[in-house]
Amino acid sequence: QVQLVASGGGLVQAGGSLRLTCADAGRTFSGYDKGWFRQAPGKEREFVASITIDSQLTYYADSVKGRFTISRDNAKNTVSLQMDNVKPEDTAVYYCAAIKTWPQKPFGSGGQGTQVTVSS
């Protein structure tokens, strides 16, 4: 059973914005640091961003630093990824996962992803 479900993806033009949200419906991973990952066609899954349980620390891949912002709402059991100034190379399926080892090693392969497509 998939516990983490990402949503909010879609088609956006380069330079535009999207906001992704990940819900932990079963609150299975509510006590963990959380992260976003992505996988583009023909490429391996890569780390995007992570945030600690208390939101005091965040960590970003160099490729998204300054453009993406991760946040979380523990009351709603959600984690979000604000994507600004997107680029065609951001096209991928985006997943969220609990972080096993800070800042970027996840538990397993993450949950249900959402497709983000950036047109040039």
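The following paragraphs describe a four-stranded sheet, the salt bridges and the surroundings of two residues in a predicted model. Because the model is predicted, local features are reported at pLDDT of at least 70 and side-chain atom pairs only at pLDDT 80 or more, whereas totals for chains, interfaces and linings use all residues. Residues are numbered from 1 along each chain as its sequence is written, and side-chain values use heavy atoms, with hydrogens and water left out.

Four strands are arranged as an open sheet in the order E1-E3-E8-E7, with antiparallel pairing; strands (E) are DSSP runs of at least two residues, numbered from the N terminus, and two strands are taken to pair if DSSP finds at least two bridges between them. Strand E1 (4–7) and strand E7 (68–73) form the edges, each pairing on one side only. From one strand to the next the twist averages 15°, where axes are lines fitted to C-alpha atoms and angles run from 0 to 180 degrees between N-to-C directions. The antiparallel pairing of E1 with strand E3 (residues 18–24) extends over four bridges, and valine 5 is placed opposite alanine 23 in E3.

The count of salt bridges comes to four, a salt bridge being a side-chain nitrogen of Lys or Arg within 4 Å of a carboxyl oxygen of Asp or Glu. One of them joins the side chains of aspartate 62 and lysine 65, with an N to O distance of 3.1 Å; aspartate 62 and lysine 65 are both exposed, a class that requires over 50% relative accessible area, as against under 20% for buried and the range in between for partly exposed (1.4 Å probe, protein chains only). Another connects arginine 67 with aspartate 90 at 2.8 Å, N to O. Arginine 67 lies in the loop between strand E6 (58–60) and E7, and aspartate 90 in the loop between strand E8 (78–83) and strand E9 (92–101), so this pair ties together parts that are 23 residues apart in sequence. Arginine 67 counts as buried because its relative accessible area is 9%, and aspartate 90 is likewise buried, at 0%.

A salt bridge also links glutamate 46 to arginine 38 (2.6 Å, N to O), and Arg38, Glu46, Arg67 and Asp90 are linked in a network of salt bridges. Arginine 38 is located in strand E4 (residues 34–39) and is buried, because its relative accessibility is 5%, whereas glutamate 46, at 36%, is partly exposed. The side chain of arginine 38 additionally makes a polar contact of 3.5 Å with the side chain of serine 63; a polar contact is a pair of N or O atoms within 3.5 Å, of which, within protein, one must be able to donate a hydrogen and the other to accept it, residues adjacent in sequence counting only if both atoms are side-chain atoms. When residues up to four places away in sequence are not counted, the contacts of arginine 38 (heavy atoms within 4.5 Å) include Val48, Phe68, Asp90 and Tyr94.

Threonine 91 is situated in the loop between E8 and E9. A polar atom of the threonine 91 side chain lies 3.0 Å from the backbone oxygen of proline 88, and the threonine 91 side chain also reaches the backbone nitrogen of valine 118 at 2.9 Å. Apart from neighbours within four places in sequence, threonine 91 is in contact with Ala40, Gln115, Val116, Thr117 and Val118.
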